[in-house]
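Me: I am new to this structure and would like to go through it step by step. Please show it to me before we begin.

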Amino acid sequence: MIRYELKKILGPTGGKVALGLYAAMVILMCCLTVFTMKWVNEQGEHEIGPGAMKKMRDAQNQWEGDLDQELLTEVIRENQRIEATPQANSEDVTQSNIAFGWKQGFAPIRHLINDAYADSFRDYDYYTADGLTEIDEDTFYENRIRLLEQWLYDETGSAYGRFSEAEKQYILQKYGEMKTPLYFDYHEGWYQMLEYAGVISAYGMLILGFLLAGIFTNESKWKADGVYFASRYGRSKAASAKVKAGVLLVTVVYWSAMLIYSLFHLCYMGFEGGTCMIQIRFFRSMYNLNFIQAWAVTMVCGYIGNLFAGLLVMFVCARSNSASFGVTVPIILLFLPSVLGGQADWLDRLLDLSPILLLEAYQRLASFDLVTVFGKVLPALAVCAPVYLAVCLALIPGTYQGFRRKQTR
Amino acid sequence: MELKISHLSKQFGSNHAVDDVSYTLRGGVYGLLGVNGAGKTTLMRMLTTLIRPTVGSITWDGEDIFRMDENYRKRLGYLPQDYGAYPEFTVQEYLSYIATLKGIRPAAARKKVGQVLEQVGLQKARNKKMKTLSGGMKRRAGIAQAILNDPQILILDEPTAGLDPRERIHFRNLISELAQDRIVLLSTHIVSDVASIASQILLMKDGRFLSTGTVESLIAACPERPWQCTCTKAQAAALEKRYKVANVAAGPNGVVLRLLTAERPAADAVLKETTLEDVFLSCMGQRSGDDDDSL
């Protein structure tokens, strides 16, 4: 029965076009990687493609190692050396580009230094590292916690009223738990891949919403509901086959897209750096995860988000018998936070927990979304993922029962 | 094998689509005749568990069909009036899918699909997509799916709609063959479709059974008789106002009228043999299907 249900969804032109569109989207996102990864060569010109990517890899590999006193000092010295060159001080764009090109190998470390030596937690000055003549490993890591503490307890700051004392302590504790020194390695494959994984996930939600909207409404659209519901299993096994087909479709489409997207990036840009902590990119993240773990969190959360949206679409369609209502569900889920956001603090906090959180899980690793449950402070992702999964499980019987009791005039 | 309808009513808002109907169906072909809006489809939809009655019950061998759920539906074959199918499925795929819905095992389903395709004459179209079939072929596919599971109760709502005369004859023969050891309830407003094959006729109007019985008993009980007379146009106009007109034809000596009336309508009127169509017209009124069916 599941096979037939899938044929009903994917057989019509609309289904094929939707799936083709999603495949094209994934391919486009993969192609964008090839063309967005730039290398500035010795002549100050931009290069793209596999050659540029190899040069970036070689340049960053030269800086592989623990981000300790020795490596940080070496970065500062090299940065100073480059800053002292005529190219770095030239007002000519090409000359400036040449100087920029020399910094590409250690650019991520330079960004970390900017973060660590910023004036305040929310500040970022691209030239901070250029002003440093020496660096101390201890202050490099301590500053991260010091700036956070200042920000959390600054009575005039934005964080002061936003977090409870328990939440502040939780964030500080997580910061303290980060193992130092961080290890730096070439990690562009993971970084670039994760950066846009949420986009693939969000497109998936829209496309799957369109496909799944028909699963419980096609019978009445095609006037096949009379025969369907009068058949032996029309209100039992066949109804459950619809739910199963929907879940299978979400699972196969989502994981196929994400695995193709992930594998393309990693095969093209390299698997190296998977064990590097995400703090080498998100220095202020409270999540002590490496890139492989961040990838797993992103993929699983994205799946739960898609599954939730898919099941909600099926639930709405089964109850309302309207595919139009169903199709709007993912659109509402995706755009509601941006439409309603900024009206009130309480609403913003509520919208922070909307399913979009699951789709942009990787970006949320850089934020402080916390939830207090029975006095225990937990990251929003750690609460929302199981909660949405539980809602998914609750939607299944609701959808099934709604459809099986349907009466057709 | 007894399908019993007891005080069955179905109300949609203020409209009584079926109004306190009671009847018992046993083996044989039952022809459900009525004008559009008489409640035939609503009654059939209740008999197929598609909608629940507002009042009353339907039992199969003493057990409520809604409680029996799939145990009842496994005995059921149904062709709805507004029948549609999955446009991207081939005829073979469609029937295989319906066989799965009916709980027929795959091996048996393959055999059965081949068999019903032959019965309805769709073997050559088995690989055609449903969306490419003509109206008549689609209807035949509908009949095929209804008989896939050898149902004990076969409910066919306007099965001959869209069929050409040859196909209708073929279909009537098929129903006659199928009528052995099962209940066939056939709704139509084409009287000739059921006149020759139905063992019982149920005449329905305004949600109620006006009259039930064999064709012969209905004819015998009909208070009006068909009279044929030939007259001028002016006389015909006057007669049409007074009597129910079963037929009007142009003859060599004037207008040939077939009138339904208990009395001789004109001195030269000749009494003709009463048909089921005459009974139908007599019961339903001349303008059958209109809101106002008065003469």
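Me: Helix α15 of chain A covers residues 291-320; how far apart are its end C-alpha atoms, and why does that agree with the expected span?

Reply: The model is a predicted one. Helix α15 of chain A has 30 residues, and at 1.5 Å a residue it should therefore span 44 Å. The distance between its end C-alpha atoms agrees with this expectation: 42 Å.

Me: Is α15(A) mostly covered or mostly uncovered, and how many of its residues are buried?

Reply: A residue counts as buried if 20 or more other C-beta atoms lie within 10 Å of its own. By that criterion α15(A) is mostly covered. Of its 30 residues, the number buried is 24.

Me: Which residue just after α15(A) takes a positive phi?

Reply: The residue in question comes just after the helix, and its phi is about 60°. It is A:Asn321.

Me: Helix α9 of chain A comprises residues 165-177; what distance does it reach from its first C-alpha to its last?

Reply: The helix has 13 residues. At 1.5 Å a residue, 18 Å is expected, and the computed reach is close to that value. The reach is 18 Å.

Me: Within what arc do the buried residues of α9(A) fall, and why do they line one face?

Reply: The buried residues in this helix are A:Lys168, A:Tyr170, A:Ile171 and A:Tyr175. Seen down the axis of α9(A), the buried residues share a limited arc, so they line one face of the helix. On the other side, A:Glu165, A:Ala166, A:Gln173, A:Gly176 and A:Glu177 are exposed. The arc that holds the buried residues is 160°.

Me: Which elements of chain A are included in what covers the buried residues of α9(A)?

Reply: The cover includes one helix, residues 137-153, and two strands, residues 370-373 and 376-379. Residues of that helix, A:Arg144, A:Ile145, A:Leu148, A:Glu149 and A:Leu152, meet A:Lys168, A:Ile171, A:Leu172, A:Tyr175 and A:Gly176 in α9(A). The elements are α8, β5 and β6 of chain A.

Me: How are α8(A) and α9(A) oriented, parallel or antiparallel?

Reply: The axes of the two helices come within 10 Å and cross at roughly 175°. Angles over 145 degrees count as roughly antiparallel. The orientation of α8(A) to α9(A) is therefore roughly antiparallel.

Me: Turning to chain B, which are the edge strands of the open sheet of six strands?

Reply: The order of the strands in chain B is β6-β7-β8-β3-β9-β10, with mixed pairing. An edge strand of this sheet pairs on one side only. The edge strands are β6 and β10 of chain B.

Me: How many bridges join β6(B) to β7(B)?

Reply: Strand β6 of chain B covers residues 76-79, β7 of chain B covers residues 153-157, and the two run parallel. Across this pairing, B:Gly77 stands opposite B:Leu154, and B:Leu79 stands opposite B:Leu156. The number of bridges is four.

Me: Are the faces of β6(B) covered or uncovered?

Reply: On one side B:Leu76 and B:Tyr78 are buried, and on the other B:Gly77 and B:Leu79 are buried. Both faces of β6(B) are thus covered.

How values were computed
Residues numbered from 1 in each chain as written. Chains lettered and ligands numbered in written order. Predicted model: local features only at pLDDT ≥ 70, side-chain atom pairs only at ≥ 80, totals over all residues. Expected span 1.5 Å × (residues − 1). Buried ≥ 20, exposed ≤ 12 C-beta atoms within 10 Å, placed from the backbone. Pairing = 2+ DSSP bridges. Arc of directions from axis to C-beta. Contact = placed C-beta atoms within 7 Å. Axes fitted to C-alpha atoms, helices over the stretch in contact; angles between N-to-C directions. Parallel < 35°, antiparallel > 145°, perpendicular 65-115°, else oblique.
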